[in-house]
Amino acid sequence: FKRAEVYNDYGSIDVENISGELVIKASYSPIKLSGIEGTISIETRYGGITGENIIINNGSGVFETSYGPIKLENVKGSIEAYTSYEKISAHNIDAGSGSVVLRTSYSPIEAANITGELVCETSYSPVNLENINLTHGMNRIETKYAPVNINLNDINESQLLVNNTYSSINMSFRSDISAKLMLTVDDGGKIHTRGFSIRPLAMDRNRLVGIVGDGLSRIELNVDGIGEININGR
């Protein structure tokens with residue numbers, strides 16, 4: 001099909017091999033997508049969304065539910081995934097010059113093999129990111145009362161802001177990275193760095209600002225309340 005529109009209240013929705021435009025609006029329906037190419041707008045309220053082998057060639061593909069998990073795999077193009085109280089999982093997403101936006105609350109976010117500009121927001125649950133390639137823009141990671149774990153592969157002269165509250169930020173990156181680091185914790189918090197060379201610009205009990213390599217990109221990590229920042233070079 002070159003275009004498909006589905007409107008449904010109850011019962012599952014399974015869509016395959018659409019080339020052109022896909023619009024789904026549902027209420028209590030789980031949605032499964034495979035082999036989609038074109039523009040995508042998916043909305044349900046109380047069902048989960050699963051998608052794989054998707055190419056988005058115009059704007060951002062939107063995947064939105066209120067109380068269901070979202071799982072996306074093997075996607076080329078920009079995506080926006082929104083839910084609440086349920087997990088978001090994203091693997092092998094190449095947004096190119098676009099962005100990957102993952103937002104939930106009270107549930108974890110897990111992403112691996114991501115390329116593009118990245119935004120992850122949740123609360124009271126961890127954020128786990130593996131093999132992340134930040135290509136441009138202002139990248140942002142936020143949660144509260146749960147750890148953020150980031151395995152950063154490349155940052156490519158972009159910016160990364162990570163905020164947490166009463167927990168830890170744990171990051172690893174290549175020791176030859178080029179970035180300005182700005183690390184801040186509250187009283188009682190700790191900052192640990194190892195495995196790379198840093199030229200300090202400002203340093204006190206709760207704050208470290210320094211240059212790694214030529215300082216072309218910018219990494220800012222903030223922990224409000226008691227917590228830790230741990231950075232490892234590899």
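Me: Accessible areas come from the Shrake-Rupley method with a 1.4 Å probe, and for residues only the protein chains shown count as cover. How much area does the chain expose?

Reply: The chain exposes about 10700 Å². Carbon and sulfur atoms supply 43% of that area. This is a predicted model, in which local features need pLDDT of at least 70 and side-chain atom pairs pLDDT 80 or more, while totals for chains, interfaces and linings use all residues. Residues are numbered from 1 along each chain, and side-chain values use heavy atoms, without hydrogens and water.

Me: And what share of the residues is buried?

Reply: Of the 234 residues in the chain, 48% are buried (under 20% relative accessible area; exposed is over 50%, partly exposed in between, with a 1.4 Å probe and protein chains only).

Me: How many helices and strands are there?

Reply: The chain has zero helices and 18 strands (DSSP runs numbered from the N terminus: H or I of at least four residues, E of at least two).

Me: What box do the C-alpha atoms fill?

Reply: Along the principal axes, the C-alpha atoms of the chain fill roughly 60 × 30 × 20 Å.

Me: New topic: what is the phi of N17?

Reply: N17 is not a glycine, yet its phi is positive, at about 55 degrees. Most residues other than glycine have a negative phi.

Me: Where does N17 lie, and is N17 buried or exposed?

Reply: N17 belongs to strand β2, residues 13-26. N17 counts as exposed because its relative accessibility is 55%.

Me: What about N156, where does that residue lie?

Reply: N156 sits in the loop between β10 (148-154) and β11 (159-165). N156 also is not a glycine and has a positive phi, of about 50 degrees. With a relative accessible area of 41%, N156 is partly exposed.
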